[in-house]
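This report describes the charged pairs, the nonpolar core and the overall make-up of one protein chain. The sequence and structure are shown first.

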Amino acid sequence: MGDDELAQIRQKRMAEMRAQSGAGGGAGDQQKQMEERAKQMEDMKNGILSQVLDQKARARLNTLMVAKPDKGKQVEAMLCQMAQTGQLGGKLGDEELKGLLDRMSGSQASSKVKFDRR
């Protein structure tokens with residue numbers, strides 16, 4: 001192999017590497033946009049929740065998020081939806097949030113275990 005052939009191979013490989021890094025950069029920009037959009041949604045959700053919940057209710061919701069994240073997200077989504085549709089008059093207190101949680105728990109079928117003893 002001559003120096004000319006090595007130079008051509010090297011240039012070809014460099015062009016391929018540049019093309020790959022360019023495509024990777026596009027994916028990185030898209031990922032940044034997704035992260036930015038998720039951050040904006042989180043900020044908007046936190047803003048809505050701070051408007052509709054008082055301090056004690058907010059603390060209870062945070063405790064629920066730690067104990068049961070899926071149920072906490074469900075409650076957050078429901079509160080945001082209720083606030084956006086105007087179903088909430090003012091700030092919810094701790095007792096109102098407890099009632100809302102009880103209604104949610106009541107709507108879910110509680111499972112009972114029945115033992116057949118022989």
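## Salt bridges around Lys45

Lys45 pairs with Glu42 in a salt bridge (a side-chain nitrogen of Lys or Arg within 4 Å of a carboxyl oxygen of Asp or Glu), with 3.2 Å between the closest N and O atoms. The model is a predicted one, in which local features need pLDDT of at least 70 and side-chain atom pairs count only at pLDDT 80 or more, whereas totals for chains, interfaces and linings use all residues. Residues are numbered from 1 along each chain as its sequence is written, and side-chain values use heavy atoms, with hydrogens and water left out.

Both Lys45 and Glu42 belong to helix α1 (residues 3-52), where they stand three residues apart, about one turn of the helix. Helices are DSSP runs of H or I with at least four residues, strands are runs of E with at least two, and both are numbered from the N terminus. A second salt bridge, at 2.9 Å from N to O, brings together the side chains of Glu76 and Lys45. Because Glu76 is in helix α3 (residues 69-85) and Lys45 in helix α1, this pair ties together parts that are 31 residues apart in sequence.

Glu42, Lys45 and Glu76 are thus linked in a network of salt bridges. Accessibility is classed by relative accessible area: buried is under 20%, exposed is over 50%, and partly exposed is in between, with a 1.4 Å probe and protein chains only. Glu76 counts as buried because its relative accessibility is 6%; Glu42, at 38%, counts as partly exposed.

## The Asp94 and Arg60 pair

In total, the structure holds five salt bridges. One of them joins Asp94 to Arg60, with the closest N and O atoms 2.5 Å apart. Asp94 lies in helix α4 and Arg60 in helix α2 (residues 55-67), so the pair ties together parts that are 34 residues apart in sequence. The residue range of helix α4 is 94-107.

Asp94 has a relative accessibility of 15% and therefore counts as buried, whereas Arg60, at 31%, counts as partly exposed. Contact here means heavy atoms within 4.5 Å. With neighbours within four places in sequence left aside, the contacts of Asp94 are Asp54, Lys56, Ala57 and Arg60.

## The nonpolar core

The largest nonpolar core (buried Ala, Val, Leu, Ile, Met, Phe, Trp, Tyr and Cys residues joined through side-chain atoms within 4.5 Å) has 17 residues. Those that touch the most other members are Leu49, Leu53, Leu61, Val75, Leu79 and Leu97. Helices α1, α2, α3 and α4 each give two or more residues to this core. In soluble globular proteins, nonpolar side chains tend to be buried together.

Apart from residues up to four places away in sequence, Leu49 touches Arg58, Leu61, Glu76, Leu79 and Cys80. Glu76 also takes part in the salt bridge with Lys45.

## The chain as a whole

The chain has four helices and zero strands, in the order α-α-α-α from the N terminus. It comprises 118 residues, of which 19% count as buried.

Among contacts between residues at least 6 apart in sequence, 62% join residues at least 24 apart. The accessible surface of the chain, obtained by the Shrake-Rupley method with a 1.4 Å probe, comes to about 9700 Å², and 51% of this surface belongs to carbon and sulfur atoms.
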